[in-house]
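Student: Could you take me through the salt bridges in this structure, one residue at a time? I would like to know how they are defined too.

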Amino acid sequence: MFTLDTKIPAPVIGAFVAAAMWGVSPLGPQFSVAPVLAYGATALFALAGLSFDVLGLSVFRKMRSTVNPLKPQRSTALVTCGVYRVTRNPMYVGMALLLLAWAMYLSALLPFVGPAIFVAYITRFQIRPEERILKGLFGAEYLAYTAGVRRWR
């Protein structure tokens with residue numbers, strides 16, 4: 001049976017969702033916010049998203065474990081330090097925040113559905129399969145980690 005589990009890299013999904021958000025932005029209600037607030041919120045969400053992404057990647061590199069989301073079975077270490085003490089999925093959180101920044105920038109209501117679609121897709125087709133694999137690789141250590149740190153925060 002064909003499944004999308006760990007088949008499409010999250011950045012590709014994020015780019016697809018971002019393009020769809022841009023495509024639907026003129027179709028629904030627009031909103032107007034003072035430019036300083038709109039650009040400030042956009043910058044804040046983008047900076048937070050990039051921070052989560054960079055911090056997550058740097059910890060993986062430091063631990064010398066795979067960052068390839070298509071091959072979670074190649075994980076050589078259970079990464080629980082740094083930003084991974086806050087969320088089990090900082091790179092996905094970062095991408096969701098970048099999509100939220102994009103929605104703010106587009107100044108329309110329909111694009112705000114994009115981050116929710118991204119979170120739902122990534123949870124089902126990336127995070128849950130990764131969790132099954134990590135549980136098999138790291139057993140009780142992984143279960144203890146999941147008991148104390150949430151997926152999305």
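Tutor: Here is a close look at the salt bridges and the residues that form them. We are working with a predicted model, in which local features need pLDDT of at least 70, side-chain atom pairs count only at pLDDT 80 or more, and totals for chains, interfaces and linings use all residues. Residues are numbered from 1 along each chain as its sequence is written, and side-chain values use heavy atoms, with hydrogens and water left out.

Let's begin with the general idea: side chains of opposite charge can pair when their charged atoms come close. A salt bridge here is a side-chain nitrogen of Lys or Arg within 4 Å of a carboxyl oxygen of Asp or Glu. By this rule there are 2 salt bridges.

One joins the side chains of R88 and E131, at 2.6 Å from N to O. These partners come from distant parts of the chain, 43 residues apart: R88 sits in the loop between α2 (35-63) and α3 (90-106), and E131 in helix α4. Helices are DSSP runs (H or I, at least four residues), numbered from the N terminus.

E131 also forms a salt bridge with R151, where the closest N and O atoms are 2.8 Å apart. R151 lies in the segment after α4 and E131 in helix α4, so this pair ties together parts that are 20 residues apart in sequence. Together, R88, E131 and R151 are linked in a network of salt bridges.

How accessible are they? Buried means under 20% relative accessible area, exposed over 50%, and partly exposed in between (1.4 Å probe, protein chains only). R88 counts as buried at 14%, and E131 counts as buried at 14%. R151, at 24%, is partly exposed.

Key. Helices (H or I, at least four residues) and strands (E, at least two) are DSSP runs, numbered from the N terminus.
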